[in-house]
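Thank you all for coming; today I would like to walk slowly through one assembly and ask how its parts meet. Please have a look at the structure before I begin.

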6 protein chains.
Amino acid sequence: MTVQILVVNPNTTASMTETIAAAARGVAGAWTEIIAVTSSTGPASIEGYYDEALAVPGLLMEIAAGERRGVQAAVIACFDDTGLDAARAMAAIPVIGICEAALSMASFIAQRFTVVTTTERSRVPVEGLVQRYGMTGRARVRAADIPVLALEDPASGAIGKLRDEIARAVEEDRAEAIVLGCAGMADLAHQLQADFGLPVIDGVGAAIKQAEALIALGLSTSKRGAYASPLAKPYRGMLKSFSPGAVAAE
Amino acid sequence: MTVQILVVNPNTTASMTETIAAAARGVAGAWTEIIAVTSSTGPASIEGYYDEALAVPGLLMEIAAGERRGVQAAVIACFDDTGLDAARAMAAIPVIGICEAALSMASFIAQRFTVVTTTERSRVPVEGLVQRYGMTGRARVRAADIPVLALEDPASGAIGKLRDEIARAVEEDRAEAIVLGCAGMADLAHQLQADFGLPVIDGVGAAIKQAEALIALGLSTSKRGAYASPLAKPYRGMLKSFSPGAVAAE
Amino acid sequence: MTVQILVVNPNTTASMTETIAAAARGVAGAWTEIIAVTSSTGPASIEGYYDEALAVPGLLMEIAAGERRGVQAAVIACFDDTGLDAARAMAAIPVIGICEAALSMASFIAQRFTVVTTTERSRVPVEGLVQRYGMTGRARVRAADIPVLALEDPASGAIGKLRDEIARAVEEDRAEAIVLGCAGMADLAHQLQADFGLPVIDGVGAAIKQAEALIALGLSTSKRGAYASPLAKPYRGMLKSFSPGAVAAE
Amino acid sequence: MTVQILVVNPNTTASMTETIAAAARGVAGAWTEIIAVTSSTGPASIEGYYDEALAVPGLLMEIAAGERRGVQAAVIACFDDTGLDAARAMAAIPVIGICEAALSMASFIAQRFTVVTTTERSRVPVEGLVQRYGMTGRARVRAADIPVLALEDPASGAIGKLRDEIARAVEEDRAEAIVLGCAGMADLAHQLQADFGLPVIDGVGAAIKQAEALIALGLSTSKRGAYASPLAKPYRGMLKSFSPGAVAAE
Amino acid sequence: MTVQILVVNPNTTASMTETIAAAARGVAGAWTEIIAVTSSTGPASIEGYYDEALAVPGLLMEIAAGERRGVQAAVIACFDDTGLDAARAMAAIPVIGICEAALSMASFIAQRFTVVTTTERSRVPVEGLVQRYGMTGRARVRAADIPVLALEDPASGAIGKLRDEIARAVEEDRAEAIVLGCAGMADLAHQLQADFGLPVIDGVGAAIKQAEALIALGLSTSKRGAYASPLAKPYRGMLKSFSPGAVAAE
Amino acid sequence: MTVQILVVNPNTTASMTETIAAAARGVAGAWTEIIAVTSSTGPASIEGYYDEALAVPGLLMEIAAGERRGVQAAVIACFDDTGLDAARAMAAIPVIGICEAALSMASFIAQRFTVVTTTERSRVPVEGLVQRYGMTGRARVRAADIPVLALEDPASGAIGKLRDEIARAVEEDRAEAIVLGCAGMADLAHQLQADFGLPVIDGVGAAIKQAEALIALGLSTSKRGAYASPLAKPYRGMLKSFSPGAVAAE
């Protein structure tokens, strides 16, 4: 009766996967096994559209591999929800992005909230997700001007900058809750919640619970319409192995 | 380490509470205790704005009572998410509506989906919720022309009408998933999913999992801003006992 | 040929009803009789979602009583438009909220305007109304940090705070007009308009004129669709007497 | 204590002005004097963007003349709300369009409604107004395929086509109310309301009542921001006489 | 194989037409002949809704004259896109507004950008265009507080004010690109782009290229629906000559 | 003074590149050289999110190679605008997607239009683009149920299906113009325009003209904010060579 949830860090930095895995295990149910993996190809960190796009092939490989070994759900542990639509089309199991999971959770406990992400390069892409997920008017996005990997380094001053930006969100946006806008912040939610006295939501934890929920409810990605399985066709060159093998019914 | 989740049927029909409780228990985690209660005052079923408004005092009483006895979260088991904002402002524990929970779940597994609710009287209010929750453009709402309590009566033909409307949603809306738009349909999701071959989402089950998620994540309603605790003040007449007792800090 | 318009103060503070009644009478037509009543049950003031919800039963009782005695329209004199949908479904006569009336009036004389309401607790609910009434992008909402009942007390400093907030709206929002966001401010519109040199709109007055307009035009709430009369059904417990007596046609 | 409201028919067909004037007088208050005028220059009927634009100079001349003779408000009796913004900037008195007035009235008595206008050429412009006035999602627009001036001719079959289109709106749109989308339909509202058994709103009547309301409330167009008075400057050629004479303060 | 593009300055100030013509010629293709004309009737500059409306007849005359002499496209060189819909309905050739052209260009090279226009009177109308063209959320509008004709006068200090406002847009809006919000700024784009180090878009140039594009692609305004040719009908008075001569098919 | 525009077919089917190149050359200016290339890695056709994502690395390689050889702009010849944001962040030259170019062109000549794309799998992604580009409410999307590569095969019946769907768009959507929703349809625009008597827009041609326009105007992608150059960082595994080499300034 154990369930296995795959958590993919779509960047190739294994130390960040540790942070993510710990956060995932900290909230997982007693019978949930967290399988955390690091992408084997692509950028060391995801900062902006270019890194995002190039993280997708590695991400899809990990989800496909996880699905073959029998995991029941997959979580994409990057706040840009990189590759989410492609993964949903590819996989039979449900796939959850940490941004969508975090925004949903926030919407259940606050009317107005602020996402604090890392770099200015990521701010507009996250605003795009806020719009996609129907939260325009409820959520603002701020960048704390922190390189993603600085979050792994206590001496970088990144945490201090993050705290300063949260303080500004509370004061200037009258934020009722804070969403941490990077998987690399997953270990900070509890302390920040205690210190600031308002809900602080980490997307990794949120996504694990959504994945468990979908499994328990017997729900998976619809294979009608937008997420229908990829049609069988040749793929060429370096990405040849990604060719969908089966003929999918429309 | 058990958690207790209160599920309030905000109409006063106990037989519907049975259906709801069974659905809740069917998806609840091993350590979750479902406490299902029926409102003691208000309409026998909730069909339209008038019933909705008059279900709120009874609903709030049940949530307040549940909170006093120590439940960790509350679910409002009516698809209109009746009284959700008032309950969130009143309670320290998180409160989840079954419509918001169902729409969130649907958004994780489908790009386009259709809510099938009971009566035409409820269609426009549910469309209002679709807009509130940011799903305009993704979700359509249909009414199957079923009185709510007919769902309790196998001889009423209600299930047949519901199936017909789902068939129309699949054909005409190209729905990728179906959301059941009434708590009284909670027992039908699995069978319909099997029969129609696409995800069918019941809000009661979805809300239980969201409530468990919030508890596991240590999150509750923000008390800053829109959901700040009600200010202490006199209440008069029949509703005198609802007067907030404590002075809330802004 | 006299018309009677019922104005319900949905909070239970009679002194505020005086202010409201005076404002209503100040703008009513020569043949309009204003019948101002105070709710007999519920909160002494409406500040936030909880008070709002619990003001509804008392409000509905007054509108039902007014309808029985023959009034031709009803106005809900609370800027949250508390209970508006329920009242419209219940009553055969037209029902007007002061927020919707004020926003309409403002939209006829300004492209951009600011609502100044009382407390931060009310700001987000009013923003919700701005969205519902299609004024997002045209109207901003500010809170002057005034408890509602302080408006009744000249020594409270409330008027000074209100003036300060209007000044900020003119300067920072470049507001072309101001909407007073509380029924308790109804007596202040003329003086503020003179002092600030821009239109200042009071919702009570606006709603009286809209009610007169609907009566003169022979229009009342549609009984098709969302506002169809409540279906006959049992109500239980404390709210038993609210049970709709008649079988409404769909 | 009489008030004078100017009603401008911005097309140059005097017989339509008769229809409009009669509708206006039918709903005006006892002390309201309706001054109905026909534009002296421009198109015989307004069907589409080109006619619309060329009706504006004649319309503005009539409003300026009305303002000089002391009317307290002006109504633009064309459902395209032709020239509304220019008129508001020009005049010190309030100016109301019949489309905006009708949509406001409809929003007070129905959640969903349909505008039935004349020709396909006018349908998209009216949809543009529906969006401008914040009614997208609530109001649909249909064209009955009637030339505007056919409404003046009982033998044209126009009324039959209008009735057919209303019937389709009720059936297909589940319209709760109907808005008549042409000033030339002003005389038909009562009969259609009686025949179809749902509210039918005429914009001419609605605009008269809104104009009376603004006068009674002491409100006029804000002169700050978008509707600030035109700056004094030379105008050349045929339209020389339109040059604003006074230096307006920003 | 030469193409002729008509550029109409819809205000009556010939010196501004010079600026516009120079900017147009500076970007036009080798075989494009720019025919720049000044309107012969209407306001000396277009600042706000009133000037806008009264510039339309003169504008339409120029476009009709241009069409008769055989130009293949027309550009309306006023950032309010004055008379655009009327011109499209009237003409068989394509017609481009400089605001729509500039916003399109900006959308191809930036996610977030700011329009800097002249006067506060023009700010809200331009915001209306931003909404119409689907750029809400991407584009902000600022006014530099410059009278339009001051742009023609080096001693006016207008350029300095424009630079200050651009600096604020970069700093406060984090604008990625700047759109110049007045035809009279057409000569400034290159220098400002060099000085501020980010793309600066002039609408005149943008519109010329869009006009060339439509010609090369063999595309012109659709004559079905909203832009169908005006119906033949009498026009009276001063504007008699505008009467559409031909019976257009629906 | 020749300009070179790179047109990348992001699928790996060279015969489709022929169609695209011919369409591009058919509209290009006299001094424009079209360099059409086929991606060397990825799917043979792009149908849905999965193919889309896996077409991006090959696409980026071609744009980077084109930039090194000195092209002045790049066009992505797939109607899903695959990889557009990543390409814009990566490249110094402007990059245009054929969907955005086609929608812009359509918006200049029609108020309401319909995109006819290939498969149901692509319909929802294209609806997503319609929303992103601000055309919701103006553009509908239909799928003709044609596999992309069937467009290359005259015997497939694809053209007939496309014509049927266009006919339905004209009839049911009252489309004023048609946008061809696949690069493989680029050769059909002229014939369909002649046959249906309304504008038919091909995105490949539209994008070439937009690219020429940006070059002529001296505009390229802003490097501030969302499209700032990718930060230098290690990339691992199969995609190692994509690592951005230069340190970009924020």
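How many residues of chain F are in contact with residues of chain D? Before I answer, please keep in mind that everything I say concerns a predicted model. The answer is that four residues of chain F are in contact with five residues of chain D. The area buried between these two chains is about 400 Å², and carbon and sulfur atoms give 40% of that area. On the chain F side, the residues that lose the most area to chain D are F:Gln111, F:Arg112 and F:Arg174, which together account for 94% of what that side buries.

What kind of contacts do we find there? Between chain F and chain D the count is two salt bridges, and one that I can show you joins F:Arg174 to D:Glu120, with the closest N and O atoms 3.1 Å apart. F:Arg174 therefore appears twice in this story, since it is one of the three residues that lose the most area to chain D and it also forms a salt bridge with D:Glu120. There are also three residue pairs in polar contact between the two chains, counting pairs in which both residues have pLDDT 80 or more. If we sort the side of chain F that touches chain D by class, we find no nonpolar residues, one polar residue and three charged residues.

Let me now turn to how these copies are arranged. In general, two copies of a chain are related by a rotation about an axis and a shift along it. Chain F can be laid on chain D by a turn of 120 degrees with a shift of 0.0 Å along the axis, and the RMSD is then 0.0 Å. The two copies are thus related as by a three-fold rotation axis. Within chain F, the residue that comes closest to this axis is F:Gly137, with its C-alpha at 6.0 Å.

The next partner of chain F is chain A. Here, a rotation of 180 degrees, with 0.0 Å of shift along its axis, superposes chain F on chain A with an RMSD of 0.0 Å. That is the relation of a two-fold axis. For this rotation, F:Ala53 is the residue of chain F that comes closest to the axis, at 3.7 Å for its C-alpha.

How many residues of chain F are in contact with residues of chain A? There are 46 of them, and they are in contact with 46 residues of chain A. Chain F and chain A bury about 4100 Å² between them, with 61% of it on carbon and sulfur atoms. Because 100% of the interface residues of chain F are also interface residues in chain A, the copies meet through the same surface.

Across this interface there are four salt bridges, including one in which the side chains of A:Glu47 and F:Lys233 meet at 2.6 Å, N to O. There are also 24 residue pairs in polar contact, again with both residues at pLDDT 80 or more. Among the elements that give two or more residues to the side of chain F that touches chain A are α2 (49-69), α3 (84-90) and α5 (120-132) of chain F. The largest share of that side comes from α2(F), with nine residues. By class, that side of chain F divides into 28 nonpolar, 10 polar and eight charged residues.

Not every pair of chains meets, however. Chain B and chain E do not touch, and their nearest C-alpha atoms are 16 Å apart; chain C and chain F do not touch either, with their nearest C-alpha atoms also 16 Å apart.

Finally, let us look inside one chain. The domain assignment divides chain A into domain 1, made of 3-98 + 206-242, and domain 2, made of 100-202. Their C-alpha centres lie 22 Å apart, and 29 residues of domain 1 are in contact with 28 residues of domain 2. The two domains of chain A bury about 2100 Å² between them, 61% of it on carbon and sulfur atoms. A:Met16, A:Glu47 and A:Phe79 supply 30% of the area that domain 1 buries against domain 2, more than any other three residues. A:Glu47 thus has a part in two places, because its side chain also meets F:Lys233 in the salt bridge I described.

Terms used. Residues are numbered from 1 along each chain as its sequence is written. Chains are lettered from A and ligands numbered from 1 in the order in which they are written. This is a predicted model: local features need pLDDT of at least 70, side-chain atom pairs count only at pLDDT 80 or more; totals for chains, interfaces and linings use all residues. Side-chain values use heavy atoms; hydrogens and water are left out. Contact means heavy atoms within 4.5 Å. Buried area is the accessible area (1.4 Å probe) that two parts lose on being put together, summed over both. A polar contact is a pair of N or O atoms within 3.5 Å; within protein, one must be able to donate a hydrogen and the other to accept it, and residues adjacent in sequence count only if both atoms are side-chain atoms. Ala, Val, Leu, Ile, Met, Phe, Trp, Tyr, Cys and Pro count as nonpolar, Asp, Glu, Lys and Arg as charged, and the others, Gly among them, as polar. Copies are superposed by least squares on the C-alpha atoms of residues with pLDDT of at least 70 in both. Domain bounds come from an automatic or database domain assignment. Helices (H or I, at least four residues) and strands (E, at least two) are DSSP runs, numbered from the N terminus.
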